[in-house]
Amino acid sequence: MKTGLIEKYSKFLPAVDKKFIISLNEGDTPLIRADKLAEALKLDAELYFKFEGANPTGSFKDRGMTMAISKAVESGTRGVICASTGNTSASAAAYAARAGVACTVLIPDGKIALGKLSQAIQFGAKVLPVNGNFDTALEFVKKISEENNITLVNSLNPFRIEGQTTGAFEICDDLGRAPDYQFMPVGNAGNISAYWLGYNRYKKAGIIDRLPKMMGYQAEGAAPIVLNRPVEKPETIATAIRIGNPASWKSAVAAKNESGGAIDMVSDAEIISAYKLLSKTEGIFAEPSSCASLAGLIKHLGAASIETGAKVVCILTGNGLKDPDSAIKYNECELKPVSNEKEILQRMGLL
Ligand code: AN7
(Lines give C-alpha, C1' and ligand atoms only; values in the text may rest on other atoms or scores of the structure.)
Protein backbone atom coordinates (compact mmCIF):
# COMPACT_ATOMS: atom_id res chain seq x y z
CA MET A 1 0.00 0.00 0.00
CA LYS A 2 1.09 3.53 -0.70
CA THR A 3 2.43 5.26 2.42
CA GLY A 4 3.14 8.91 3.07
CA LEU A 5 6.48 10.55 2.36
CA ILE A 6 7.91 10.39 5.86
CA GLU A 7 7.76 6.59 5.83
CA LYS A 8 8.72 6.19 2.19
CA TYR A 9 11.81 8.40 2.34
CA SER A 10 12.74 7.94 6.00
CA LYS A 11 16.40 7.29 5.06
CA PHE A 12 16.67 10.80 3.62
CA LEU A 13 14.52 12.80 6.03
CA PRO A 14 14.75 13.82 9.70
CA ALA A 15 13.44 11.04 11.95
CA VAL A 16 9.86 11.24 13.19
CA ASP A 17 8.51 8.94 15.87
CA LYS A 18 5.95 6.80 14.06
CA LYS A 19 3.17 7.57 16.50
CA PHE A 20 3.39 11.28 15.67
CA ILE A 21 3.31 10.98 11.87
CA ILE A 22 0.51 13.04 10.33
CA SER A 23 0.09 12.03 6.70
CA LEU A 24 -2.56 12.03 3.99
CA ASN A 25 -0.49 9.69 1.79
CA GLU A 26 0.91 12.68 -0.06
CA GLY A 27 3.51 12.51 -2.81
CA ASP A 28 4.10 9.89 -5.50
CA THR A 29 2.67 12.38 -8.01
CA PRO A 30 2.71 11.62 -11.75
CA LEU A 31 5.67 12.58 -13.92
CA ILE A 32 3.91 12.99 -17.24
CA ARG A 33 5.77 12.80 -20.55
CA ALA A 34 4.65 15.52 -22.98
CA ASP A 35 5.87 14.65 -26.49
CA LYS A 36 3.15 16.64 -28.23
CA LEU A 37 4.00 19.81 -26.42
CA ALA A 38 7.73 19.23 -26.95
CA GLU A 39 7.07 18.95 -30.67
CA ALA A 40 4.93 22.10 -30.66
CA LEU A 41 7.83 23.94 -29.01
CA LYS A 42 10.34 22.37 -31.45
CA LEU A 43 12.10 20.98 -28.43
CA ASP A 44 14.12 17.92 -29.43
CA ALA A 45 14.28 16.68 -25.85
CA GLU A 46 12.28 14.60 -23.38
CA LEU A 47 9.78 16.93 -21.75
CA TYR A 48 8.01 15.95 -18.51
CA PHE A 49 5.55 17.63 -16.17
CA LYS A 50 5.59 16.81 -12.46
CA PHE A 51 1.91 17.12 -11.60
CA GLU A 52 1.85 18.25 -7.98
CA GLY A 53 -1.87 18.98 -8.25
CA ALA A 54 -2.35 15.26 -7.54
CA ASN A 55 -1.36 15.76 -3.89
CA PRO A 56 -4.13 15.42 -1.27
CA THR A 57 -4.84 19.15 -0.99
CA GLY A 58 -3.90 19.81 -4.62
CA SER A 59 -0.44 21.34 -4.29
CA PHE A 60 3.22 20.57 -3.51
CA LYS A 61 2.80 22.13 -0.08
CA ASP A 62 1.62 18.77 1.30
CA ARG A 63 5.19 17.41 1.01
CA GLY A 64 6.47 19.94 3.50
CA MET A 65 3.35 20.05 5.60
CA THR A 66 3.35 16.35 6.53
CA MET A 67 6.83 16.89 7.99
CA ALA A 68 6.16 20.29 9.61
CA ILE A 69 2.89 19.24 11.26
CA SER A 70 4.26 15.86 12.40
CA LYS A 71 7.23 17.59 14.03
CA ALA A 72 4.94 20.19 15.59
CA VAL A 73 2.80 17.41 17.07
CA GLU A 74 5.92 15.57 18.28
CA SER A 75 7.03 18.74 20.08
CA GLY A 76 3.63 19.11 21.78
CA THR A 77 2.69 22.31 19.96
CA ARG A 78 -0.28 24.37 21.15
CA GLY A 79 -1.17 25.44 17.62
CA VAL A 80 0.16 26.25 14.16
CA ILE A 81 0.08 29.45 12.13
CA CYS A 82 1.09 30.55 8.64
CA ALA A 83 0.86 33.39 6.15
CA SER A 84 -0.22 32.26 2.73
CA THR A 85 -1.10 33.17 -0.81
CA GLY A 86 -3.46 30.19 -0.56
CA ASN A 87 -1.89 26.78 -1.01
CA THR A 88 0.07 26.75 2.23
CA SER A 89 -3.09 27.69 4.11
CA ALA A 90 -5.08 24.86 2.48
CA SER A 91 -2.38 22.33 3.28
CA ALA A 92 -1.72 23.56 6.84
CA ALA A 93 -5.45 23.54 7.57
CA ALA A 94 -5.85 19.95 6.33
CA TYR A 95 -2.88 18.46 8.19
CA ALA A 96 -3.74 20.43 11.34
CA ALA A 97 -7.30 19.08 11.19
CA ARG A 98 -5.96 15.53 10.91
CA ALA A 99 -3.62 16.19 13.83
CA GLY A 100 -6.35 17.80 15.93
CA VAL A 101 -4.27 20.95 16.29
CA ALA A 102 -5.60 24.52 16.08
CA CYS A 103 -4.61 26.32 12.88
CA THR A 104 -4.63 30.03 12.01
CA VAL A 105 -3.95 31.30 8.50
CA LEU A 106 -3.33 34.89 7.41
CA ILE A 107 -4.10 35.60 3.75
CA PRO A 108 -3.87 38.73 1.59
CA ASP A 109 -7.37 40.19 1.53
CA GLY A 110 -9.13 39.46 -1.77
CA LYS A 111 -6.04 38.10 -3.55
CA ILE A 112 -6.43 34.37 -3.11
CA ALA A 113 -8.00 31.83 -5.44
CA LEU A 114 -11.44 30.66 -4.35
CA GLY A 115 -10.59 26.95 -4.18
CA LYS A 116 -7.79 27.59 -1.70
CA LEU A 117 -9.91 29.83 0.51
CA SER A 118 -12.71 27.27 0.53
CA GLN A 119 -10.27 24.53 1.58
CA ALA A 120 -8.94 26.47 4.57
CA ILE A 121 -12.49 27.26 5.71
CA GLN A 122 -13.71 23.70 5.11
CA PHE A 123 -10.82 22.21 7.15
CA GLY A 124 -11.79 24.43 10.07
CA ALA A 125 -8.84 26.80 10.23
CA LYS A 126 -9.21 30.31 11.62
CA VAL A 127 -8.94 32.32 8.41
CA LEU A 128 -7.84 35.94 8.81
CA PRO A 129 -7.63 38.17 5.74
CA VAL A 130 -4.94 40.80 6.24
CA ASN A 131 -4.99 44.37 5.07
CA GLY A 132 -1.81 44.02 3.06
CA ASN A 133 -0.01 41.45 0.94
CA PHE A 134 1.71 38.13 1.70
CA ASP A 135 4.87 39.87 2.92
CA THR A 136 2.87 41.86 5.51
CA ALA A 137 1.13 38.67 6.63
CA LEU A 138 4.46 36.83 6.96
CA GLU A 139 5.84 39.55 9.24
CA PHE A 140 2.78 39.17 11.51
CA VAL A 141 3.02 35.39 11.79
CA LYS A 142 6.79 35.44 12.40
CA LYS A 143 6.29 37.73 15.37
CA ILE A 144 3.19 35.99 16.73
CA SER A 145 4.74 32.51 16.50
CA GLU A 146 7.91 33.61 18.30
CA GLU A 147 6.11 35.36 21.12
CA ASN A 148 3.30 32.87 21.74
CA ASN A 149 4.84 29.42 21.44
CA ILE A 150 2.82 28.68 18.31
CA THR A 151 4.51 26.74 15.51
CA LEU A 152 5.17 28.63 12.29
CA VAL A 153 4.52 26.33 9.32
CA ASN A 154 5.71 28.61 6.54
CA SER A 155 8.85 27.44 4.74
CA LEU A 156 10.95 29.34 7.30
CA ASN A 157 10.23 26.19 9.28
CA PRO A 158 13.15 23.94 8.22
CA PHE A 159 10.96 20.82 8.32
CA ARG A 160 8.88 22.25 5.48
CA ILE A 161 11.99 22.39 3.26
CA GLU A 162 13.02 18.90 4.38
CA GLY A 163 9.68 17.42 3.35
CA GLN A 164 9.78 19.19 0.01
CA THR A 165 13.10 17.56 -0.90
CA THR A 166 11.03 14.46 -1.74
CA GLY A 167 9.89 16.00 -5.04
CA ALA A 168 13.48 15.69 -6.28
CA PHE A 169 13.75 12.10 -5.01
CA GLU A 170 10.62 11.08 -6.91
CA ILE A 171 11.78 12.63 -10.17
CA CYS A 172 15.12 10.80 -9.93
CA ASP A 173 13.40 7.54 -8.98
CA ASP A 174 11.11 7.86 -12.02
CA LEU A 175 13.77 8.92 -14.56
CA GLY A 176 16.52 6.68 -13.21
CA ARG A 177 18.70 9.77 -13.02
CA ALA A 178 18.43 13.51 -12.42
CA PRO A 179 16.95 15.63 -15.21
CA ASP A 180 19.21 18.03 -17.12
CA TYR A 181 16.94 21.00 -16.53
CA GLN A 182 14.23 21.73 -14.01
CA PHE A 183 11.88 24.65 -14.67
CA MET A 184 9.70 25.91 -11.80
CA PRO A 185 7.85 28.91 -10.40
CA VAL A 186 9.47 30.94 -7.62
CA GLY A 187 7.47 32.81 -4.97
CA ASN A 188 8.75 32.65 -1.42
CA ALA A 189 11.60 30.57 -2.91
CA GLY A 190 11.31 27.62 -0.55
CA ASN A 191 10.57 25.05 -3.22
CA ILE A 192 13.55 25.76 -5.48
CA SER A 193 15.75 25.59 -2.37
CA ALA A 194 14.18 22.30 -1.31
CA TYR A 195 14.56 20.67 -4.74
CA TRP A 196 18.21 21.67 -4.89
CA LEU A 197 18.79 20.23 -1.41
CA GLY A 198 17.01 17.04 -2.49
CA TYR A 199 19.06 16.55 -5.65
CA ASN A 200 22.28 17.15 -3.75
CA ARG A 201 21.24 14.68 -1.07
CA TYR A 202 20.59 11.99 -3.69
CA LYS A 203 23.93 12.72 -5.34
CA LYS A 204 25.78 12.47 -2.06
CA ALA A 205 24.09 9.10 -1.45
CA GLY A 206 25.38 7.93 -4.85
CA ILE A 207 21.88 7.46 -6.30
CA ILE A 208 22.42 10.02 -9.07
CA ASP A 209 25.63 11.16 -10.70
CA ARG A 210 24.66 14.56 -12.05
CA LEU A 211 22.59 17.55 -11.00
CA PRO A 212 20.03 19.54 -13.00
CA LYS A 213 20.24 23.19 -13.92
CA MET A 214 17.70 24.93 -11.69
CA MET A 215 15.59 27.34 -13.73
CA GLY A 216 13.29 29.46 -11.54
CA TYR A 217 10.67 31.95 -12.76
CA GLN A 218 9.05 34.82 -10.95
CA ALA A 219 6.13 36.88 -12.28
CA GLU A 220 7.23 40.15 -13.85
CA GLY A 221 5.30 42.28 -11.33
CA ALA A 222 6.67 40.27 -8.39
CA ALA A 223 10.29 39.60 -9.30
CA PRO A 224 12.46 40.71 -6.37
CA ILE A 225 15.21 38.14 -6.98
CA VAL A 226 15.52 39.12 -10.65
CA LEU A 227 15.56 42.83 -9.78
CA ASN A 228 17.85 42.19 -6.81
CA ARG A 229 15.66 44.26 -4.47
CA PRO A 230 12.41 43.69 -2.56
CA VAL A 231 9.24 44.68 -4.41
CA GLU A 232 7.00 46.67 -2.09
CA LYS A 233 3.77 46.26 -4.04
CA PRO A 234 3.96 42.97 -5.95
CA GLU A 235 1.25 42.56 -8.59
CA THR A 236 0.47 39.61 -10.85
CA ILE A 237 -2.50 37.52 -11.89
CA ALA A 238 -0.44 34.57 -10.59
CA THR A 239 -1.60 35.23 -7.02
CA ALA A 240 0.24 32.21 -5.56
CA ILE A 241 3.58 33.84 -6.37
CA ARG A 242 2.57 37.43 -5.61
CA ILE A 243 5.44 37.83 -3.15
CA GLY A 244 7.81 40.81 -2.91
CA ASN A 245 10.35 39.71 -0.30
CA PRO A 246 10.97 35.95 -0.40
CA ALA A 247 12.05 34.21 2.80
CA SER A 248 14.43 31.79 1.03
CA TRP A 249 15.97 34.42 -1.24
CA LYS A 250 19.62 33.50 -0.48
CA SER A 251 19.24 29.76 -0.85
CA ALA A 252 17.36 30.23 -4.13
CA VAL A 253 20.20 32.31 -5.53
CA ALA A 254 22.67 29.68 -4.29
CA ALA A 255 20.68 26.94 -6.07
CA LYS A 256 20.75 28.96 -9.28
CA ASN A 257 24.48 29.70 -9.04
CA GLU A 258 25.64 26.26 -7.94
CA SER A 259 23.59 24.52 -10.63
CA GLY A 260 24.51 26.90 -13.46
CA GLY A 261 20.83 27.70 -13.86
CA ALA A 262 18.86 30.94 -13.94
CA ILE A 263 16.23 32.92 -12.10
CA ASP A 264 14.26 35.02 -14.55
CA MET A 265 10.78 36.48 -14.89
CA VAL A 266 7.75 35.92 -17.13
CA SER A 267 4.89 38.30 -17.84
CA ASP A 268 1.27 37.64 -16.90
CA ALA A 269 0.48 37.28 -20.62
CA GLU A 270 3.21 34.62 -20.98
CA ILE A 271 1.88 32.79 -17.90
CA ILE A 272 -1.70 32.73 -19.21
CA SER A 273 -0.57 31.66 -22.65
CA ALA A 274 1.38 28.72 -21.14
CA TYR A 275 -1.57 27.90 -18.86
CA LYS A 276 -3.89 27.50 -21.84
CA LEU A 277 -1.34 25.77 -24.08
CA LEU A 278 -0.61 23.11 -21.45
CA SER A 279 -4.26 22.17 -21.01
CA LYS A 280 -5.16 22.23 -24.67
CA THR A 281 -2.11 20.27 -25.83
CA GLU A 282 -1.69 17.72 -23.06
CA GLY A 283 -4.93 17.60 -21.04
CA ILE A 284 -3.20 18.78 -17.88
CA PHE A 285 -4.80 21.46 -15.68
CA ALA A 286 -2.45 23.44 -13.47
CA GLU A 287 -3.11 26.76 -11.79
CA PRO A 288 -1.71 29.88 -13.49
CA SER A 289 1.22 30.35 -11.07
CA SER A 290 2.37 26.80 -11.73
CA CYS A 291 2.54 27.55 -15.43
CA ALA A 292 5.36 30.02 -14.83
CA SER A 293 7.48 26.88 -15.26
CA LEU A 294 6.29 26.24 -18.82
CA ALA A 295 6.25 29.98 -19.58
CA GLY A 296 9.87 30.01 -18.40
CA LEU A 297 10.81 27.11 -20.64
CA ILE A 298 9.22 28.85 -23.62
CA LYS A 299 11.06 32.07 -22.80
CA HIS A 300 14.34 30.19 -22.40
CA LEU A 301 13.90 28.50 -25.78
CA GLY A 302 13.48 31.93 -27.37
CA ALA A 303 16.98 32.91 -26.30
CA ALA A 304 18.93 29.66 -25.94
CA SER A 305 18.73 26.06 -27.02
CA ILE A 306 18.40 22.85 -25.08
CA GLU A 307 20.58 19.89 -26.11
CA THR A 308 19.03 17.11 -28.18
CA GLY A 309 17.85 14.27 -25.96
CA ALA A 310 18.06 16.26 -22.73
CA LYS A 311 15.59 15.46 -19.97
CA VAL A 312 13.58 18.54 -19.07
CA VAL A 313 11.16 18.62 -16.13
CA CYS A 314 8.63 21.38 -15.47
CA ILE A 315 7.12 21.41 -11.99
CA LEU A 316 3.37 22.07 -11.95
CA THR A 317 3.04 23.12 -8.34
CA GLY A 318 -0.74 23.38 -7.96
CA ASN A 319 -3.97 21.99 -9.41
CA GLY A 320 -5.91 24.08 -11.92
CA LEU A 321 -9.12 23.38 -10.00
CA LYS A 322 -7.81 25.61 -7.22
CA ASP A 323 -8.68 28.59 -9.37
CA PRO A 324 -11.75 27.98 -11.54
CA ASP A 325 -12.25 31.73 -12.02
CA SER A 326 -9.07 32.00 -14.08
CA ALA A 327 -10.09 29.19 -16.44
CA ILE A 328 -13.41 30.87 -17.12
CA LYS A 329 -11.90 34.33 -17.37
CA TYR A 330 -9.03 33.55 -19.72
CA ASN A 331 -10.78 31.20 -22.15
CA GLU A 332 -13.38 32.11 -24.73
CA CYS A 333 -16.64 30.40 -23.83
CA GLU A 334 -20.21 31.07 -24.77
CA LEU A 335 -22.45 29.67 -22.05
CA LYS A 336 -25.80 30.79 -23.45
CA PRO A 337 -28.19 27.81 -23.17
CA VAL A 338 -29.40 25.92 -26.24
CA SER A 339 -32.92 24.55 -26.61
CA ASN A 340 -33.06 22.53 -29.83
CA GLU A 341 -30.98 20.31 -32.09
CA LYS A 342 -30.45 23.01 -34.68
CA GLU A 343 -28.94 25.38 -32.14
CA ILE A 344 -26.70 22.61 -30.84
CA LEU A 345 -25.42 21.77 -34.34
CA GLN A 346 -24.88 25.48 -35.04
CA ARG A 347 -22.87 25.93 -31.89
CA MET A 348 -20.89 22.80 -32.77
CA GLY A 349 -20.04 24.48 -36.03
CA LEU A 350 -21.78 21.74 -38.03
CA LEU A 351 -24.50 23.90 -39.53
C1 AN7 B 1 1.06 26.95 -6.91
O2 AN7 B 1 0.81 29.19 -0.37
O3 AN7 B 1 3.73 30.89 -0.87
O4 AN7 B 1 8.76 29.59 -4.14
O5 AN7 B 1 1.66 30.81 0.77
O6 AN7 B 1 1.20 28.08 -4.34
O7 AN7 B 1 8.27 27.73 -2.55
O8 AN7 B 1 7.08 29.91 -2.36
C9 AN7 B 1 2.66 29.45 -2.39
C10 AN7 B 1 3.63 29.37 -3.32
C11 AN7 B 1 4.53 28.10 -6.66
C12 AN7 B 1 5.92 29.24 -5.02
N13 AN7 B 1 3.38 27.57 -7.12
O14 AN7 B 1 6.64 28.35 -4.23
C15 AN7 B 1 1.68 30.04 -0.18
C16 AN7 B 1 2.78 30.17 -1.15
C17 AN7 B 1 2.28 27.57 -6.35
C18 AN7 B 1 2.31 28.12 -5.07
C19 AN7 B 1 4.62 28.67 -5.42
C20 AN7 B 1 3.51 28.71 -4.60
P21 AN7 B 1 7.75 28.91 -3.26
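The legends below describe several views of a predicted model of one protein chain.

**View 1. The whole protein chain, with its 15 helices and 10 strands.** The radius of gyration of the protein chain is 20 Å, close to the 20 Å that the globule rule gives for 351 residues, so the chain is as compact as a globular protein of that length. Taken along the principal axes, the box filled by the C-alpha atoms is roughly 65 × 50 × 45 Å. Of the 351 residues in the protein chain, 56% are buried, and the chain exposes about 15,100 Å², of which carbon and sulfur atoms supply 52%. When contacts between residues at least 6 apart in sequence are considered, 70% of them join residues at least 24 apart.

**View 2. The surroundings of Thr 165, in the loop between α7 (158–164) and α8 (166–175).** Thr 165 is buried, with a relative accessible area of 0%. Once its neighbours within four places in sequence are left aside, Thr 165 is in contact with Leu 13, Ala 194, Leu 197, Gly 198 and Arg 201.

**View 3. The salt bridge between Glu 162 and Arg 201, whose closest N and O atoms are 2.7 Å apart.** Glu 162 lies in helix α7 and Arg 201 in helix α9 (residues 190–204), so the pair ties together parts of the chain that are 39 residues apart in sequence. Glu 162 is buried, at a relative accessible area of 16%, whereas Arg 201 counts as partly exposed at 22%. Arg 201 is also one of the residues in contact with Thr 165, the residue shown in the preceding view.

**View 4. Two further salt bridges, one joining Lys 18 to Glu 7 and one joining Asp 180 to Arg 210.** The structure holds 19 salt bridges. In the pair formed by Lys 18 and Glu 7, the closest N and O atoms are 3.6 Å apart. Lys 18 lies in the loop between α1 (5–8) and β1 (31–33) and Glu 7 in helix α1, so this pair ties together parts that are 11 residues apart in sequence. Lys 18 is exposed, with a relative accessible area of 62%, while Glu 7 is partly exposed at 38%. The side chains of Asp 180 and Arg 210 meet at 3.6 Å, N to O, and they link distant parts of the chain, with Asp 180 in the loop between α8 and β7 (181–185) and Arg 210 in the loop between α9 and β8 (213–219), 30 residues apart. Asp 180 counts as buried at 17% relative accessibility, and Arg 210 is partly exposed at 34%.

**View 5. A network of salt bridges that share partners, made up of Lys 50, Glu 52, Arg 63 and Glu 170.** These residues are joined into one network.

**View 6. Cysteines in a structure whose disulfide count comes to 0.** The sulfur of Cys 82 has its closest cysteine sulfur in Cys 103, at 5.6 Å, which is too far for a bond because a disulfide requires the two sulfur atoms to be within 2.5 Å. For Cys 291 the closest cysteine sulfur is in Cys 314, 9.5 Å away and likewise too far for a bond. Cys 82 is buried at 0% relative accessibility, and Cys 291 is buried with a relative accessible area of 0%.

**View 7. A nonpolar patch on the surface, formed by Val 338, Ile 344, Met 348 and Leu 350.** Together these residues have about 380 Å² of accessible area. Met 348 is placed in the segment after α15 (341–347) and is exposed, with a relative accessible area of 53%.

How values were computed: Residues are numbered from 1 along each chain as its sequence is written. This is a predicted model: local features need pLDDT of at least 70, side-chain atom pairs count only at pLDDT 80 or more; totals for chains, interfaces and linings use all residues. Side-chain values use heavy atoms; hydrogens and water are left out. Patches are made of residues with over 30% relative accessible area and no salt bridge: like charges are joined within 9 Å, nonpolar side chains (Val, Leu, Ile, Met, Phe, Trp, Tyr) within 5 Å. Accessible areas come from the Shrake-Rupley method with a 1.4 Å probe; for residues, only the protein chains shown count as cover. A salt bridge is a side-chain nitrogen of Lys or Arg within 4 Å of a carboxyl oxygen of Asp or Glu. Helices (H or I, at least four residues) and strands (E, at least two) are DSSP runs, numbered from the N terminus. Buried means under 20% relative accessible area, exposed over 50%, partly exposed in between (1.4 Å probe, protein chains only). The radius of gyration is taken over C-alpha atoms; the globule rule is 2.2 Å times the number of residues to the power 0.38. Contact means heavy atoms within 4.5 Å.
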